[in-house]
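Colleague: I am new to this structure and would welcome some guidance on how to read it. May we go through its features one at a time?

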Amino acid sequence: FAALFVISGACGLVYQVVWTRQLVTVFGVTAFAVSTVLVSFMGGMAAGAALLGGLAERVKRPLRMFAVLEAGVGLYALLLPLLLRGADLVHGALSSILPDAFVVRSVVRFALCLLLLLPPTALMGATLPALGRGLLQRSARFGRGLGILYFVNTLGAAVGCWLAGFHLIPALGLFRTTLLAVAG
């Protein structure tokens, strides 16, 4: 379980770094891209745990649910560049009716990108309840096990962030880095 969640945390933060870099091209400003990605991760993960976490209680095979959630995130990560282009087209189509104000146009871009990032981050948020439920089915020492899962997920996240930012993206580029995370 711990190894699964180390990898899950690493891949999640690889996605976060890649998506931030992709959104820089949408916003043209790193601060807006980082803000959008952080809001979507915090909000999406909380929503996913709240909305889909209960499903982990009802499914017979929560580890299968975990695998499906991770596969869904990976598939979405592969589609995101196309979806971002679509959002750019929508924003361009709205340009004629939007006021020529930086704040308004930035809010519209933020909303479009947030809508695109909420589905995969919600799936990520449901992974801890699914894996936790799988652990509960196998062990009576649930509290300690869940704490360890959270710890190793955070450790994996730190490693994923470091790898993506300093090694993978410079060596492989955004697309290949995404492929590597999807393979994880």
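Modeller: We shall discuss helices, accessibility, the nonpolar core, pockets and the cavity, bearing in mind that the model is predicted.

Colleague: Let us begin with the helices. How many residues does helix 2 have, and what span should they give?

Modeller: The general idea is to compare the span expected from the residue count with the distance between the end C-alpha atoms. Helix 2 has 29 residues, which at 1.5 Å a residue should span 42 Å; the C-alpha atoms at its ends lie 41 Å apart, so the two values agree.

Colleague: What does the comparison give for helix 4?

Modeller: From the first C-alpha to the last, helix 4 reaches 32 Å. For its 24 residues the expected value is 34 Å, and the two are close.

Colleague: Where are the kinks in helix 2 and helix 4?

Modeller: One reads a kink from the angle between the axes on either side of a residue. In helix 2 the kink is about 40 degrees and is centred on L52. In helix 4 a kink of about 35 degrees lies at L118, shortly before the proline P119.

Colleague: I should like to turn to accessibility. Is F32 buried or partly exposed?

Modeller: The classes rest on relative accessible area: under 20% is buried, over 50% is exposed, and partly exposed lies in between. F32, a residue of helix 2, has a relative accessibility of 31% and therefore counts as partly exposed. Helix 2 also has buried residues, among them A33, T36, V37 and S40. Further along helix 2, F41, G44, G48, G53 and A56 are buried as well.

Colleague: Which classes do A67 and L82 fall into?

Modeller: Both can be placed with those cut-offs. A67 is in helix 3, and its relative accessibility of 42% makes it partly exposed. L82 is also found in helix 3; because its relative accessible area is 52%, L82 is exposed.

Colleague: How should I read separation along the chain beside separation in space?

Modeller: One sets the count of residues beside the C-alpha distance. A67 and R21 are 46 residues apart in sequence, with 27 Å between their C-alpha atoms. For L82 and C11, 71 residues apart along the chain, the C-alpha separation is 20 Å. F32 and P62 are 30 residues apart, and their C-alpha atoms are separated by 36 Å.

Colleague: Which residues touch the most other members of the largest nonpolar core?

Modeller: In soluble globular proteins, nonpolar side chains tend to be buried together. Here the largest nonpolar core has 29 residues, and Y15, W19, L23, L80 and L84 touch the most other members. At least two residues of this core come from each of helix 1, helix 2, helix 3, helix 4 and helix 6. Helix 1 gives the most, with nine residues.

Colleague: What is the volume of the largest pocket, and which residues lie nearest its centre?

Modeller: A pocket is read through its volume, its lining and the elements that supply that lining. The largest pocket has a volume of about 450 Å³. Its lining has 22 residues, and L13, M45, Y150, N153 and A157 lie nearest the centre. Helix 1, helix 2, helix 3, helix 4, helix 5 and helix 6 each supply at least two lining residues. The largest share, seven residues, is from helix 1. By class, the lining has 13 nonpolar, eight polar and one charged residues.

Colleague: Which helix gives the most to the lining of the second largest pocket?

Modeller: The second largest pocket has a volume of about 150 Å³. Its lining includes L4, I7, F66, E70 and A181. Helix 1, helix 3 and helix 6 are the elements that give two or more residues to this lining. Helix 1 gives the most, with five residues. The lining residues divide into seven nonpolar, three polar and one charged.

Colleague: Finally, how many cavities of 30 Å³ or more does the structure hold?

Modeller: A cavity differs from a pocket in that a probe fits inside but cannot get out. The structure holds one cavity of 30 Å³ or more. The largest cavity has a volume of about 50 Å³ and is lined by V26, L84, A87, D88, H91, R109, L112 and C113. Helix 3 and helix 4 are the elements that give two or more residues to this lining, and the largest share, four residues, comes from helix 3. Five of the lining residues are nonpolar, one is polar and two are charged.

Definitions and conventions
Residues numbered from 1 in each chain as written. Predicted model: local features only at pLDDT ≥ 70, side-chain atom pairs only at ≥ 80, totals over all residues. Heavy atoms only, no water. 1 Å grid on protein atoms, 1.4 Å probe; cavity = no way out; pocket = protein on both sides within 12 Å on 5 of 7 lines; lining within 4 Å. Points joined across faces, edges and corners; volume = space filled by probe spheres on them. Nonpolar A, V, L, I, M, F, W, Y, C, P; charged D, E, K, R; others polar. Expected span 1.5 Å × (residues − 1). Bend = angle between axes of the 7 residues up to and from the residue. Buried < 20%, exposed > 50% of the residue type's maximum accessible area, 1.4 Å probe, protein only. Core = buried A, V, L, I, M, F, W, Y, C linked by side-chain atoms within 4.5 Å.
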